Amino acid sequence: MLPRFGIKLQRLKSNSPTPNHQLKFSTTHLVEHTQTHRSPLQELYFHNDLLKICLQECKKIQSRQLLDRMPHRHIASLKTAKAIHARALKFGISKDGKLGNSILDLYAKCGHTDYAEKVFSHLQGRDELAWNSILSMNSRKGLFEDVLEKFSSMWGFGVVGNQFTFAIVLSACAKSMDAELGKQVHCAVIKTGLESDAYCEGALIDMYAKCGHLVFAKRIFDGAVDPDTVSWTAIISGFAQVGLTTKAIEIFERMQNVGLVPDTVVFVTVLSACVGQGRLEEARHLFAQMPNPNVVAWNVMISGHAKDGYVGEAIELFKNMVKADVGPTRSTLGSILSAIAAVANLRYGSQVHSWAVKRGLDSNVYAGSSLVNMYAKCRKIEAAKAVFDGLEEKNDVLWNALLGGYAQNGHAREVLELFANMKISGFRPDKYTYTSVLSACACLGNEDTGRQLHLVIIKNEFGSNLYVQNSLLDMYAKCGSLIIARKLFERIGNRDNVSWNAMIVGYVQEEKEEEAFFMFRRMMSEMTSPDEVSLASILSATAKMQDLCKGKQVHCYLVKYGLEKSLYAGSSLIDMYCKCGIVEAATLLFSHMPERSVVCVNALISGHAQLSLRGAAYIFKNMLCDGLKPSEVTFATLLEACSNNIDLYFGRQIHCCIVKLGFTYNDEYLAVSLLGMYMTARRNSDASNLFSELPHRKSTIIWTVLISGNAQNGCGEEAIIWYQEMRSHDAMPDQATFASVLKACSSLSSLEDGRKIHSLIFFTGYDKDELIGSALVDMYAKCGDMGSSSRVFNEMITKEDVISWNSMIVGYAKNGYAKNALEIFEEMKMANVGPDEVTFLGVLTACSHSGMVSEGREIYDSMIRVYRVPPRVDHCACMVDLFGRWGFLDEAEKFIDEMGVEPDSMIWATYLSSCRLHGDDLRGKRAAEKLIELEPQSSSPYVLLSNIHAASGNWDGVDLVRKKMTEKGVTKVPGSSKVSLDVVG
């Protein structure tokens, strides 16, 4: 037989000193020096006592123990084995057949390979029992090659083996999936005439079934005269293993029909098959037939229901298990905690934790990782960390559970800290570790750390793992490195939905909507069905583009895939319709949603707020009635609506509601919205009071809201004071802060403050920013320092935005440098920057101030015909000023009459000023009358008309105008001037 097995093994020498040296004791010396002389009868009694104790201990450890209690049982039995062995060595009876075999068997059952091998090597006669003990021990330890080598060696020593030997060896073949060796052992079974033995039959059926040879397994089973329960279990398990659950259930029913009562193992086998195939109804039916389900059966049912999403049923099964007085194990704990984590039921999770502590099941890493995961999913990361810290033993799974928990709860910085501690503790990261850490890098936008991790991932050969590839893709996309992300994406061979979603979300986030649509169409063309994430992301893209046509197409996909009423995609659909202005459709969708979240309510509130504050308030009221707790976004949306509608009363009500619901001002988003609402309503004092209630250390954004609000409200001095206060608190301004405070300087013509701010801008590096450059150009221009304004403009690196060009053109125009303004306008056109309304207003103003009438007329015509910019009232007023200022009053009057719309007060005031300038009483009188009709309480038309009469010597006309002013109660407000001591360099 040895040549057929092809195994070469050196024979163990009974007197080999090597094992003795390794185990640090010598049986030879003990016997020689410490042997005590006793009578044969005493030795017999002593021998029998030791044998009896040894056999009793073997029975204890052989009885089925729960996995949780096995280590304690093994430790106790190992101590007993060592004590018996020591006594046997002392009296020189350790090599005796029965006692030696029993000591060997006890060591083997305790799993102590070294001691078992030592005793085996010193046995005087190694019979089948001794070989079986060694074979069984190696099989239990998963050392299947050692089992086969020992079996070959046994045959070499002339020991054939019995049915138990063959059963052990065939089991090793089955577990190692070695059908060829199994067939050789089958030949040996036939040769020894044991093919009809129940043990061998069951082992052969099990071996062939587990190796996928169901035909051979079925042939042996059908040839068995009276197959026992083991054989039935093996054949049922074989069919279940390959997914033939229906056939497995048929054989199970046949087993019952022939009068055999299935044992727990059979029931568990069939239950596992049904659960594995998702046939939970059949599993429940079988489970109900079990007279006394054991812990394994309960675990299979709980785990199966939890994995298939039947969380409520899994929890109910666990309750029934406890009521049935079946002691749950670590596996039970893991399954039920996973189910609880899926629904984030903290109350029940805490109860299970208490129950686990009471029974001592919380002290191992398996239960610990389940508890960490449960608390993390319930958003109680402190409790998860407490469980982690309380465990003495830690492994990779536990570290990954906590890392994943921190990542899921948005504690990105803590993830990186924990990752560093994990490496310091000597644990090697795996694919799950890297996915969590890369997620944290994506959340923080920390591409540098992400790149370093990428190098480590390649070095440790995790780069081909799909989970890690997707995490890298997501990290680069969310950090804005879409070119690198795209290259990675193209290298992934087996892309899944996560891969596609990462790219689509990345493009949408970076406002590259067309690229997102291209990836979506490509995904569909490559036969990858979109999921909720991809469809929701594409809907966000259509919402940003306000492309209703594409939005409706995506809506059709949602209907096709049954996702129209899902929470995530449904919310995106509502948001799309709201942003496209179809609020009625959004409201209809919302009314049909079976489950509503704060997100979809916020989207609907935002949509209604665009139409009317009343509609938004109504949705908010219903939200509170439905028991949904508003979020910071809810309040921010309502406060923005209040700002747009300048409804301070409702805004204050929202403020009270925020305080009542316990929201703190620590949330920056909420604080900014409240301050913005008060500033828009010009309630500067209320905004200041709210600002004083905010946490001591204010962020740059908070300071900027006050500075910007005051600047927009025309309170430039207050804006500069707030800016100075901000700097005194060591808060560093950003782009928005500088733009706002420069606007305040412009409004005050405060050149000194503007220059100081420019110095800080240069120091902080914001001088390269185009928006800040435009603000500086405007500030210097409005302060009359066109030299500095021009210098800043010329030093700007990029001038792609029309704002910077407009600032220069308007600055030159307002300061009387018409030629320079027109030169900048020509440069602007050559730079392919399209002019807008402000550009033409500045150029026309320049023409008006410098008397360039024909050029102004041409520019006005090109504005309408070439650039398709519709003229505003101020453009028309500019043209009237251009004609009137330079004496073309007829053309100015004709322009007014041909405007096509009723001229407003600005037009008539401009025309009246021109009439006054050229002393045209008749036209001036008409303009004044029109202006008085439009603004009866304004003193300007009366004063201008009076001046026209005075200039022409018509003093009766002057008296008449003043008399009308008195009759109508119009008074002239005295003018005031401000003198700045700033020196223009």
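**Exercise 1. State how much surface the protein exposes and what share carbon and sulfur atoms supply.**

Solution. The exposed surface is about 49000 Å². Carbon and sulfur atoms supply 53% of it. Accessible areas here come from the Shrake-Rupley method with a 1.4 Å probe; for residues, only the protein chains shown count as cover. The model is predicted: local features need pLDDT of at least 70, side-chain atom pairs count only at pLDDT 80 or more, and totals for chains, interfaces and linings use all residues. Residues are numbered from 1 along each chain as its sequence is written, and side-chain values use heavy atoms, with hydrogens and water left out.

**Exercise 2. Give the helix and strand counts, then the buried percentage.**

Solution. Step one: the protein has 57 helices and zero strands. Both are DSSP runs, numbered from the N terminus (helices: H or I, at least four residues; strands: E, at least two). Step two: of the 985 residues, 48% are buried. Buried means under 20% relative accessible area, exposed over 50%, and partly exposed in between.

**Exercise 3. Find the residues with the most contacts inside the largest nonpolar core, and list the contacts of Ile574.**

Solution. A nonpolar core is a set of buried Ala, Val, Leu, Ile, Met, Phe, Trp, Tyr and Cys residues joined through side-chain atoms within 4.5 Å. The largest one has 284 residues. Phe166, Ile236, Leu271, Ile574, Leu675 and Tyr911 have the most contacts inside it. Now take Ile574, leaving aside neighbours within four places in sequence. Ile574 is in contact (heavy atoms within 4.5 Å) with Ala586, Leu589, Phe590, Met593, Cys600, Ala603 and Leu604.

**Exercise 4. Describe how α20 and α22 are arranged.**

Solution. Two packed helices are described by the angle between their axes and the distance between the axes. Axes are lines fitted to C-alpha atoms, for helices over the stretch in contact; angles run from 0 to 180 degrees between N-to-C directions. The axes of α20 (residues 330-343) and α22 (residues 365-377) come within 9 Å and cross at roughly 10°. So α20 is roughly parallel to α22 (angles under 35 degrees count as roughly parallel). Residues that meet include Leu333 and Leu337 in α20, and Leu371 and Met374 in α22.

**Exercise 5. Is Asn602 buried or exposed, and what does its side chain contact?**

Solution. Asn602 is found in helix α36 (residues 598-611). Its relative accessible area is 9%, so Asn602 is buried. Its side chain makes a polar contact with the side chain of Thr634 (2.5 Å). A polar contact is a pair of N or O atoms within 3.5 Å; within protein, one must be able to donate a hydrogen and the other to accept it, and residues adjacent in sequence count only if both atoms are side-chain atoms.

Terms used:
Buried < 20%, exposed > 50% of the residue type's maximum accessible area, 1.4 Å probe, protein only. Parallel < 35°, antiparallel > 145°, perpendicular 65-115°, else oblique.
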